[in-house]
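Here is a small set of exercises to work through with the sequence and the coordinates open side by side. Try each task on your own before reading its solution.

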Amino acid sequence: MTRRERVIDYLTKHNIDSSTVGLTTEQLAESLNIYRSNASKELNQLVRDGIILKGTGRPVRYWIKRTTYSGLLFTEKTPHDSNIGFAAKNSIDIKNKTTQIVRRKDENIFDNMVGSHDSLKNQVEQAKAALLYPPHGLNTLIIGPTGSGKTYFANTMYRFALGEDIIAKKGFVTFNCADYAHNPQLLMSHLFGYVKGAFTGANEDKDGLIQEADGGMLFLDEVHRLPPEGQEMVFYFMDHGIYSRLGENAKTHHANVRLICATTENPESSLLQTFVRRIPIIIQLPAFEQRTAQEKLQLLERLLTLEANRIHKNIRLNEDVVQALLGSVTYGNVGQLKSNIQLVCAQGFLNSMQNKDEINLEFGQLPPNIKDGLSHLASNRQELGKLTRLLETTMVIKPDAKKGLPAVDSYELPYNLYDIIGDKAALLKGEGLDQSSINNFIMTDINLHLKSFYQRDKLGKVDNRLNEIVDQEIIDLTKKIREILQKEEGYQVRDNFIYAMSLHISSFIKRVQSGKPLRKISSDLISMVQDFPDEWKLAVKVKNLIAEHYQFPIPESETYYMAILLVSVHSDSQKGNVGIVVAAHGKSTASSMAQVVSQLLSVDNIASYDMPLEMNPSVALNGIAEQVKKIDRGNGVLLLVDMGSLSTFSNKLTEKTGVNVKTIDMVTTAMVLEAARKTTLFDSNLEIVYRELREFVGYSRSAKLQGNTGKATHSEKQHDVRKKAIIAVCSTGEGTARKIKGILDNVLINNLIDDITVIPISVVKMNEQIKNIQKDYRVVATTGIVKPNIAVPFVSLKNLLQGGGESFVNLIEELNSERVSTETVLEQPENLTENVAQQYLEQYFTYLNPKKIVRVLWNYCNFIKQNSSFKMTNTFQINLIMHLAGAIERCLTQTPMTAEQSEIQSIKKDPFYHIVKQANEILQGTLNILLPESELYYILRLFDTEQIKVDTQNSNTLKK
Amino acid sequence: MAMNVRLLRIDSRLLHGQVATNWAKITKVERILVASDGVARDRIRKTLIVQAAPPGIKVNIVTIAKMIRIYHDLRFSTFNVMILVENPIDAKKLIAGGIEVRSVNIGAISFDNSRKMITDTIAVNQEDAAAFKWMHERQIKLDVRKVSGDSSKDLWKYLDSKEF
């Protein structure tokens, strides 16, 4: 007799029906001598199958169901029964189902979920209710913070539904609405399908995901990103089960789909209001910190087991590692825990490669950000206490197929990391590297893998770089302050508020914690603040907010600094900046100039218009007019053009658009930069900017002019003996500005720049300080919380912290070197000619006839371009031609390059092997010279190197 | 402590395919410094050199004077580098400027009408030979190899036999 049958048998024999008090799980377990959990499992299953009934109240009691007592006494506990009348209808459903006695053996899938009896209890009940509600269940919206397990929860719902035969078909179709949020058309076509001719490129009818999910389940992630048109169609489909494909008029298609939506959005937010109104079941998942200590530990165990299953080894870790891991979860919840566990396991795996049975995670070897988890956890005594009680000194996780979570969430790596580590380690060992450098190499790799994966995904998207220098807690507090300032006080602040304020708070808190003396207030500061009574009032408010948050008094002096900070980040939203339109000939000349400058200065008042050479002037005029209209904020537009012929456009444009337009020709990147800087200054207007820009001739000279007025000569750079400096401005000139100095110094060293000093200063008496500095230094750029009013580039804090430091420094170098021109000449297509290549060949080769050979090698490149998808840049093409010429010359002198046997053997696996080999054969046909395999190896390496670079560049762009 | 120079190499073409793939790997440097007054001013050649750099390795193009300056600058003392120069005269300038090396690797020096071919890839004129002699007198090994796998040959012997 199965356990299930024994339970039914016992209940029937003892006549435990609703006329009795019923039987508790405890009693049943004891009577049948089975585990309590097993008893509970069977009872729950029998309730669902409608064979027994379950009471409300504690402890839960059960009765066998007799036909005479149908429905009446039956009350099912569900959190939503009042809204949706679930209880009554469900009992009918259960009656229908009693006929189905044979059930699947894998009992209750939800029981396997950590917390299903505790912090997720309600959520699980809701989910079941949603799925079982007749006839087709209820659509569900899952709400929860990033990484709290929404996808996992939805997938569990799906597996539950499958187990219960609620859905007919296997199939859990996932669609992330954020993926196409910027292109509603494309999004809709993915979701609903389209008919031939619905849009350009729709060459045939195509079904959408809704059709694909027919009979199964469709999971719409980040549903708040669904554009309004999409929402309408989804809601219509929810209500009626029918929809139309793109390009069809009538809604004629039918599909039976269970919809689960998910979002990280706050349910109160306006974005979600429609969804909350129209989706009956809302399941709110808790954040990691709201889980019980026990659950956190269970989650950790599960996730570790998952890794143990992958490496087929035990994982051993001490109490402190467990605490560090749990404490390392700051904002990303279970997802973040998972990625951190993957990271430390990968590291442990690498360090214990020689140990066949076990990997050891040691605290000393954890990455610093995870080590910090320990102190993070320690700061919450209560939580730590609860956890310590549950912890043993050492924990050993064994592989266990049953316990490993199924890999369904988006935090799962798409490949087996451990295989990669293993292979790579073997490879490096083969090359004779010692263990420590092998480990070094691979750790870098692992970090890269995980990082790129998670960046592509959800974690780490927000406040990325800021997070590294400021605690998340402070960032959150700052966001709160911003909200209060903007919403309650109507005080608008600029984008850089979060950066400026959180850095300020952070350095202040550090100072208090380290017991350093407080900052003195100078009389300058006090008199400056007197001019800003409004900011002073708000500063008091902000001060109180911080004091309240940290539960310690904040000294009066801080209020002054806070007021100054507010003055500097205040944005006057009424006033529009003068707009800038860059128009130039060439495929991307104008847009790339505009892009560089917008990024560098993080301004949004620049538009661009690219004009192919053959473009008709009247077309260009219309195009430019459109851009002028787009960028005008009521203060006129400055048009920067590359050729004099365009400068006659001003009047026509003003006529056409009604916007005041001034034109300046001979545009350079430096000029766009200067224009952007000037137009975003406080009181700029079109006339002034135009007048000043007409006199602008590049940074080297204008920066120079400030020093020794009037004496500018052509070799001024040699005469200006002052050292170069970058000024970093913050409220006090101490905390934040020093951090900025640290970042910039690193960038400078990394770029081998040894002649620029970074000088941190305070915003108080900023202009005087700058004047003083200019006596000894030539200021080449500024950064910080405010733009000082001097004619050099400025980079915002936000940009700097998000990795803009590199490009900032590069630009400064460029502007200060002899030539002020920032286009990469070589990549203009017309600049690569056979002549250029021929010149280089002449310079470097002895025996070849450049004139003759250049043609042959040119064709070689063309052959590869035409017959493969490889994108050959001009630079690569010249380098390749030079290399090939070298290879041919080496063949002629019979001194070919050498390569290792193993290297030569590897070439057949190279993705470029076939195409390059074919090209070599053509070369042989022409010149009767066959390049040996060692040379082929080096040619392939050129291609591989280029490909890797392109790939990393692409992934970098993606990250941005 | 000054910068760690793992390889000083003379090659007319400075940084190109074989250097990129082979020497960077063997010397395990994190950075390649191209020291040339000419290239530091030539945008196109700069672009070509940066393109040829192996992924993950930084390339900087500096003048000879700056190379000597940063070599002695403590801020850069943690760098492990390979230095590339175009000709023996620049190499001599660097060594005279205090950059310490025990050997100089010579890859290729392009032929022109002032020069004679002394190996299959190396052409020298009187000035070059004088610079090599200067290095030889300071016990600096003149190591001729295209890639690290080649057997090393001493340039001094070729110079001798060609009567420089």
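The exercises below concern a predicted model, and each task is followed by its solution.

**Exercise 1. Getting an overview of chain A**

Task: Find how many helices and strands chain A has, and what share of its residues count as buried.

Solution:
- Start with the secondary structure: chain A has 40 helices and 23 strands.
- Next comes burial. Chain A has 960 residues, and 39% of them count as buried.
- Then turn to the contacts in chain A with a separation of 6 or more: 71% of these are between residues 24 or more positions apart.

**Exercise 2. Classifying two residues by their neighbours**

Task: Decide whether Ala293(A) is buried, partly exposed or exposed, and then do the same for Glu626(A).

Solution:
- Locate Ala293(A) in helix H12, which covers residues 293-311 of chain A.
- Count the other C-beta atoms within 10 Å of Ala293(A): there are 18. A buried residue needs 20 or more and an exposed one has 12 or fewer, so Ala293(A) is partly exposed.
- Look for partners beyond four places in sequence: Ala293(A) is in contact with Glu383(A), Lys386(A), Leu387(A) and Leu390(A). The C-alpha atom of Leu384(A), 91 residues away along the chain, is separated from that of Ala293(A) by 8.6 Å.
- Now move to Glu626(A), in helix H26 (residues 617-631) of chain A. Glu626(A) has 15 C-beta neighbours inside 10 Å and therefore counts as partly exposed.
- As a distance check, the C-alpha atoms of Glu626(A) and Tyr609(A) are 9.5 Å apart, with the two positions 17 residues apart in sequence numbering.

**Exercise 3. Describing a helix pair**

Task: Work out how H20(A) and H21(A) are oriented to each other.

Solution:
- Two packed helices are described by the angle between their axes and the distance between the axes.
- Here, helix H20 (residues 472-488) and helix H21 (residues 497-513) of chain A pack at an angle of about 125°, with axes 9 Å apart.
- An angle between 115 and 145 degrees falls in the oblique class, so H20(A) and H21(A) are oblique to each other.
- For the handedness, H20(A) passes H21(A) in a right-handed crossing.
- List the residues that meet: H20(A) brings Ile474(A), Ile475(A), Leu477(A), Thr478(A), Lys479(A), Ile481(A) and Arg482(A), while H21(A) brings Phe497(A), Ile498(A), Met501(A), Ser502(A), Ile505(A) and Ser506(A).
- Sorted by class, the residues of this contact are eight nonpolar, three polar and two charged.

**Exercise 4. Tracing a sheet**

Task: Give the strand order of the sheet that holds E20, E21, E22 and E23 of chain A, and name its edge strands.

Solution:
- The order in this open sheet is E21-E20-E22-E23, with parallel pairing.
- E21 (756-762) and E23 (794-796) are the edge strands, each pairing on one side only.
- On average, neighbouring strands are turned by 25° against each other, direction ignored.
- Zoom in on E22 (residues 777-784): three bridges join E22(A) to E23(A). Thr783(A) has Val795(A) in E23(A) as its bridge partner.
- Finally, add helix H33 (residues 766-776) of chain A, which lies across E20, E21 and E22 and runs at about 145° to E22(A).

**Exercise 5. Reading the interface**

Task: Which element of chain B gives the most to the side that touches chain A?

Solution:
- The contact takes 30 residues from chain B and 28 residues from chain A.
- On the chain B side, H1 (17-27), H3 (43-52), E3 (58-62) and H4 (64-72) each supply at least two residues.
- H3(B) gives the most, with six residues.
- By class, the chain B side has 12 nonpolar, 10 polar and eight charged residues.

Key
Residues are numbered from 1 along each chain as its sequence is written. Chains are lettered from A and ligands numbered from 1 in the order in which they are written. This is a predicted model: local features need pLDDT of at least 70, side-chain atom pairs count only at pLDDT 80 or more; totals for chains, interfaces and linings use all residues. Helices (H or I, at least four residues) and strands (E, at least two) are DSSP runs, numbered from the N terminus. Two residues are in contact if their C-beta atoms, placed from the backbone, lie within 7 Å. Axes are lines fitted to C-alpha atoms, for helices over the stretch in contact, and angles run from 0 to 180 degrees between N-to-C directions. Angles under 35 degrees count as roughly parallel, over 145 as roughly antiparallel, 65 to 115 as roughly perpendicular and the rest as oblique. A crossing is left-handed if the near helix is turned anticlockwise from the far one by less than a right angle, and right-handed if clockwise. Ala, Val, Leu, Ile, Met, Phe, Trp, Tyr, Cys and Pro count as nonpolar, Asp, Glu, Lys and Arg as charged, and the others, Gly among them, as polar. Two strands pair if DSSP finds at least two bridges between them.
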